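Open the model in your viewer and keep the sequence panel beside it. The stops below are meant to be selected in order.

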Amino acid sequence: MKLLVIEDDANISFALKRFFAEQGYEVNACFSLAEAYQLHPERHDFIILDLNLPDGEGFEYLAYVRSREIQTPIILLTVRDQERDVVRGLKMGADDYITKPFSLAVLKARIEAILRRASPDKNENTLQCGTLKLDRTTKTAFLSGKTLELSQREYELLEYLTENQERTLPRERILDRLWGWEREEVFDNTLSVTVKRLRAKLAPYQHYIRTVRGIGYRMTEEEQ
């Protein structure tokens with residue numbers, strides 16, 4: 001597994017490189033945008049990207065990667081915790097946004113979750129998040145082994161969130177996916193109401209569907 005770390009703080013860069021090398025990763029580290037542009041993002045399995053770099057912003061590199069349709073997963077790891085930066089990063093195509101200070105164990109878990117979701121050898125007919133399991137062939141959801149009674153729209157939303165587990169999905173994208181051309185006829189609170197009903201049916205695991213304020217929703221096993 002090849003990891004690219006773009007981080008200008010030498011201490012953090014060293015800690016990341018040592019930690020992930022011990023976990024069996026091959027780690028390339030650089031300290032600036034100029035260096036990062038030379039390291040071929042498509043040749044890496046994952047990218048950890050700081051926003052504050054000596055020769056520009058990490059957003060520039062994120063835009064560079066996504067504009068070339070390179071799908072290498074990217075986590076933004078930064079001291080910048082303002083909502084507008086989080087929203088901007090996720091809308092530009094980052095797979096996650098983690099603020100400093102951070103836990104190496106949590107960062108590793110986030111990376112592994114994103115890679116599991118993207119893995120080509122996963123069972124495409126089954127999705128799982130904790131005790132929740134979805135059978136995509138029968139369009140049936142199970143919680144702790146018990147069948148959930150879901151409407152078609154509730155199942156579609158649950159499936160979409162679960163197949164994008166640990167990724168924040170903007171409300172606009174969810175509305176486009178679930179309602180398509182009917183979207184203009186959908187009330188503003190329709191999605192919120194559907195999420196509320198789903199959470200009630202997922203109890204006591206309603207925390208699986210997390211609201212990301214100002215953006216949308218994320219499916220996760222982690223409790224807040």
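Begin with the two domains, coloured separately: their C-alpha centres lie 28 Å apart. For the selection, the domain assignment gives residues 2-118 as domain 1 and 126-219 as domain 2. Keep in mind that this is a predicted model.

**The whole chain**

Zoom out before going further. The C-alpha trace spans about 50 × 35 × 30 Å along its principal axes. A cartoon view shows 8 helices and 14 strands. The radius of gyration is 19 Å, which agrees with the value near 17 Å expected for a compact globule of 224 residues.

**Where the domains meet**

Next, select the residues at the boundary between the two domains. How many residues of each domain are in contact with the other? Domain 1 contributes 9 residues and domain 2 contributes 10. The size of an interface is often given as the accessible area lost when the parts come together. Between domain 1 and domain 2 the buried area is about 980 Å², and carbon and sulfur atoms give 47% of that. Show Glu 83, Leu 90 and Arg 117 as sticks: these residues supply 48% of the area that domain 1 buries against domain 2, more than any other three residues.

Now look for charged pairs across this boundary. The interface of domain 1 and domain 2 has 3 salt bridges. Select Asp 95 and Arg 167, which form a salt bridge with their closest N and O atoms 2.3 Å apart. Polar contacts between the domains come to 3 residue pairs, counting those with both residues at pLDDT 80 or more.

Staying on the domain 1 side, colour helix 4 (83-92) and helix 5 (104-118), the elements that give two or more residues to the side touching domain 2. Helix 4 gives the largest share, 4 residues. By type, the residues on this side of domain 1 divide into 4 nonpolar and 5 charged, with no polar ones.

**A pair linking two loops**

The structure as a whole holds 19 salt bridges. For another of these, select Lys 100 and Glu 7, whose closest N and O atoms are 2.8 Å apart. Why is this pair worth displaying with the loops around it? Lys 100 lies in the loop between strand 7 (96-99) and helix 5, and Glu 7 in the loop between strand 1 (2-6) and helix 1 (10-22), so the salt bridge ties together parts that are 93 residues apart in sequence.

**Backbone details**

Keep Lys 100 selected and add Pro 101, then turn on the backbone atoms. The peptide bond from Lys 100 to Pro 101 is cis, with omega near 0°. Pro 101 is found in the loop between strand 7 and helix 5.

Move to Ala 203 and Pro 204, where the peptide bond is also cis, with omega near 5°. Here the loop holding Pro 204 runs between helix 8 (190-202) and strand 13 (209-212).

For the last stop, select Lys 139. Is its phi positive or negative? Phi of Lys 139 is near 55°, a positive value in a residue other than glycine. Lys 139 sits in the loop between strand 9 (132-135) and strand 10 (140-143).

Conventions: Residues numbered from 1 in each chain as written. Predicted model: local features only at pLDDT ≥ 70, side-chain atom pairs only at ≥ 80, totals over all residues. Heavy atoms only, no water. Domains from an automatic or database assignment. Contact = heavy atoms within 4.5 Å. Buried area = accessible area lost by both parts, 1.4 Å probe. Salt bridge = Lys/Arg side-chain N within 4 Å of Asp/Glu carboxyl O. Polar contact = N/O pair within 3.5 Å; in protein donor to acceptor, adjacent residues only side chain to side chain. Nonpolar A, V, L, I, M, F, W, Y, C, P; charged D, E, K, R; others polar. Rg over C-alpha atoms; globule rule 2.2 N^0.38 Å.
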